[in-house]
Amino acid sequence: RESDHRAWTPVTYTVTRQNATIQGLIQGKAYFFRIAAENIIGMGPFTETTKEILIRDPITVPDRPEDLEVKAVTKNSVTLTWNPPKYNGGSDITMYVLESRLIGKDKFHKVTKEKMLDRKFTVEGLKEGDTYEYRVSACNIVGQGKPSFCTKPITCKDEIAPPTLDLDFRDKLIVRVGEAFSLTGRYSGKPAPKVTWLKDDIVVKEDDRIKIKTTPTTLCLGILKSVREDTGKYCVTVENSTGSRKGFCQVNVVDRPSPPVGPVIFDEVFKDHMVVSWKPPLDDGGSEITNYIIEKKDTHKDLWMPVTSATVKTTCKIPKLLEGREYQIRIYAENLYGISDPLISDEMKAKDRFRVPDAPEQPIVKDVTKDSAVVVWNKPYDGGKPITNYIIEKKETMATRWVKATKDPIFPGTKFKVPDLLEGCQYEFRVSAENEIGVGDPSPPSKPIFARDPIAKPSPPVNPEAVDKTKNSVDLSWQPPRHDGNGKIIGYLIEYQKVGDEEWKQANLTADSCPETNYKVTGLTEGLTYKFRVKAVNAAGESDPAHVPDPVEVKDRLEPPELILDANMAREQHVKAGDTLRLSAVIKGVPFPKVTWKKEDHEVSPKADIEVTGVGSKLEIRNTVHEDGGMYSLTVENPAGSKTVSVKVVVLDKPGPPRNLKISDVRSDSCYLTWMEPEDDGGSVITNYVVERKDVASAQWVAISSSSKKRSHMAKYLMEGTQYLFRVAAENQYGRGPYVETLKPIKAIDPLHPPGPPKNLHHVDVDKTEVSLVWDRPDRDGGAEITGYLVEYQEDGADEWTKFQTVPMLDCVVTGL
């Protein structure tokens, strides 16, 4: 019975054997079977199959696989492919078994992996030069079928075939803009070649428009919506280890041209026609311009009128114009592929304009050297006739007459190098244009220029260094740059940077604020460390910076005072009375020392002007007098020490009066004067003394000596009995000092001597209280009459004499004894 039916169907024949063949079954259906034994008595019980039986052909091992082929051979591998067997034995193929045999051996060896169902396999790890043959078997649920026919013996070696290239395109290809094009072909080679596409020797890369497709045997480059930039020489290279092949194609993507290049130039303008010109299009569309189409339009109308459509020149005569009307011109370019957009001119009035050219604009002067300059100008309106020449004139700025720079014609260029300038002079230039009508007005003069070589930026300053510092400032010094760039150094820019910062700060804002090669950077913070750099500046700009080699820590630097004496501080300073006394010295020291001036250890006179600067001190006394002389001292002191210098100041003046004027040895006709030198010689050697006398009855002094160097003088030629006064003054190289006079006059008489002693003194009478004495006249009266005799007495044993009285006669009574 069928497995899905319940009714049993008898088989149509009776068997006596223990087996039977049942026919008429339907393939693919499942059946149950039962069988019973029968004898003459009757039929016994049925015995059933325990499970259903599916009707199908019997299962065998698969047939042998077909078409075993060698696809690739290298020195150490073989790649094989095959097709399945025609009959799989009634069951699906579960795997393939690939076997190989080394030629010279008897046995085949299995080389495939377990459960391999692919029909392609590469046997690797072979030895170069060995020869193998291969066979393959298929397996199903029953088992492994017969092996395929063996391959031919295969020797392991690289298969080599040079590339071949078969292209579907010619050497040249023309494509319209917007259209697509492709370059295709076929190639072969062993090993498989590499395919490379180049355009104008640059590798082509894929993008939205450019597509590259390469299969093992075909190649293709396709470009969608081509543009003008796709024009170029394309090259495909097919290359493997044995060589390469190349194919070329010049692709020209063509389009209509771009518009002609303006502006439209009105070369000539007349009352009934014009001549215009223009420049060809920047892009001719990849095809030669075949002609230009020119049209004109009266600006009062909207209608464009054709002029010509058959010219290849870039100039055209526009005829049949109405005088006084304004016209516009438009121009198209045409090639094989179309007509460009138009170029439209400015408006131009049709009228005769035959006059000299306009004056050019102010010319520009550049590239100035010490003996030449290049003058550049713009072309002016030509007055309706083409310009045939330009005339350049030059003059020195302070001069009044213009001189032609050259006699040679200058055309068509609008620049000229003027030669033969004088170095250092200032020049102006002007330009005139000339056409066949004549020479036009000159341009405004150029800006004045000096004839000198151009200025370049200077080189950096040399050897910048920090020469001094305080707790908030640093003094920098440097040397000028080696090269000033042919321009005067305006000054220097100083910059500083706190160590660790990136930003440089400016110590001075403008270069002219530091024209010298030193600068004090102030406003710094005590204790911080700074870097410094200096730039030189001329008219051309700033030099590169020169750096102070080491960072500087800002703090007070202790240096003991130092005095550098000026010439007026020599050990002894002479100054003429009435002149100005100046004492000065350069002072150094950190911090700057305290300055003290003294005279003889006292304060200096209030009339002295004392000035103290950051580098020194000066003492000044105007209209000096003798009292200003003396020992002056300058003391400088700071925490590091002190220093004192002294200078003796001598104020050179007339001497003082002589001292101790005395008169002796008075005679009737002479007397002898003596004196001592003045206490003050005025700072200069006494050269001589002046001696004068005066009769007391006269008002006039009379000089009796003016050249004596001695401190005494014999006054002669006096008149006897006359009373005289005398005076003496000292002279030095600065003049005559004051006189010293005698206190009282002297009379010119011979001198008086004391008389001689009285002679023959004896007593003539003696009493208890008195004694009478007598004597004789002395031998000499001393030059004058004796006026009396002095009587003295002495008690015996006493030391002193006692005056009694003076008597006129030659006797005397001494009483009171």
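**Exercise 1. Locate Asp57 and determine whether Asp57 is buried or exposed.**

Step 1. Asp57 is placed in the loop between β4 (53-54) and β5 (66-73). Strands here are DSSP runs (E, at least two residues), numbered from the N terminus. The model is predicted: local features need pLDDT of at least 70, side-chain atom pairs count only at pLDDT 80 or more, and totals for chains, interfaces and linings use all residues. Residues are numbered from 1 along each chain as its sequence is written, and side-chain values use heavy atoms, with hydrogens and water left out.

Step 2. The relative accessible area of Asp57 is 51%. Buried means under 20% relative accessible area, exposed over 50%, and partly exposed in between (1.4 Å probe, protein chains only). Asp57 is therefore exposed.

Step 3. Asp57 and Gln27 are 30 residues apart in sequence, and their C-alpha atoms are 8.1 Å apart in space.

**Exercise 2. State which residues form a nonpolar patch on the surface, and describe Val142.**

Step 1. The patch consists of Ile59, Val61, Ile141 and Val142, which together have about 330 Å² of accessible area. Patches are made of residues with over 30% relative accessible area and no salt bridge; nonpolar side chains (Val, Leu, Ile, Met, Phe, Trp, Tyr) are joined within 5 Å, and like charges within 9 Å. Accessible areas come from the Shrake-Rupley method with a 1.4 Å probe; for residues, only the protein chains shown count as cover.

Step 2. Val142 lies in the loop between β10 (131-139) and β11 (154-155). With a relative accessible area of 45%, Val142 is partly exposed.

**Exercise 3. Describe three salt bridges and the places of their partners.**

Step 1. Side chains of opposite charge can pair when their charged atoms come close. A salt bridge is a side-chain nitrogen of Lys or Arg within 4 Å of a carboxyl oxygen of Asp or Glu. The structure holds 29 salt bridges.

Step 2. Lys520 and Asp475 meet through their side chains at 2.9 Å, N to O. This pair links distant parts of the chain, 45 residues apart: Lys520 is in strand β41 (residues 518-521) and Asp475 in strand β38 (residues 474-479). Lys520 is partly exposed at 40% relative accessible area, whereas Asp475 counts as buried at 19%.

Step 3. In the salt bridge of Glu495 with Lys535, the closest N and O atoms are 3.7 Å apart. Glu495 lies in strand β39 (residues 491-498) and Lys535 in strand β42 (residues 529-538), so the pair ties together parts 40 residues apart in sequence. Glu495 is buried at 9% relative accessibility, and Lys535 is buried at 12%. Glu495 and Lys535 are also linked with Arg533 and Glu542 in a network of salt bridges.

Step 4. Glu692 and Arg727 form a salt bridge with closest N and O atoms 2.7 Å apart. Glu692 is in strand β57 (residues 688-695) and Arg727 in strand β60 (residues 723-732), 35 residues apart. Both residues, Glu692 and Arg727, are buried.

**Exercise 4. Identify the strands that supply the largest nonpolar core, and list the contacts of Trp597.**

Step 1. A nonpolar core is a set of buried Ala, Val, Leu, Ile, Met, Phe, Trp, Tyr and Cys residues joined through side-chain atoms within 4.5 Å. The largest one has 20 residues, and those touching the most other members are Leu581, Leu583, Trp597, Leu619, Tyr632, Leu634 and Val649.

Step 2. At least two residues of this core come from each of β48 (581-590), β49 (594-599), β52 (616-621), β53 (630-638) and β54 (641-652).

Step 3. Contact means heavy atoms within 4.5 Å. Leaving aside residues up to four places away in sequence, Trp597 touches Met569, Leu583, Val604, Ile610, Ser617, Lys618, Leu619, Ser633 and Leu634.

Notes. Helix = DSSP H or I, 4+ residues; strand = E, 2+ residues; numbered from the N terminus.
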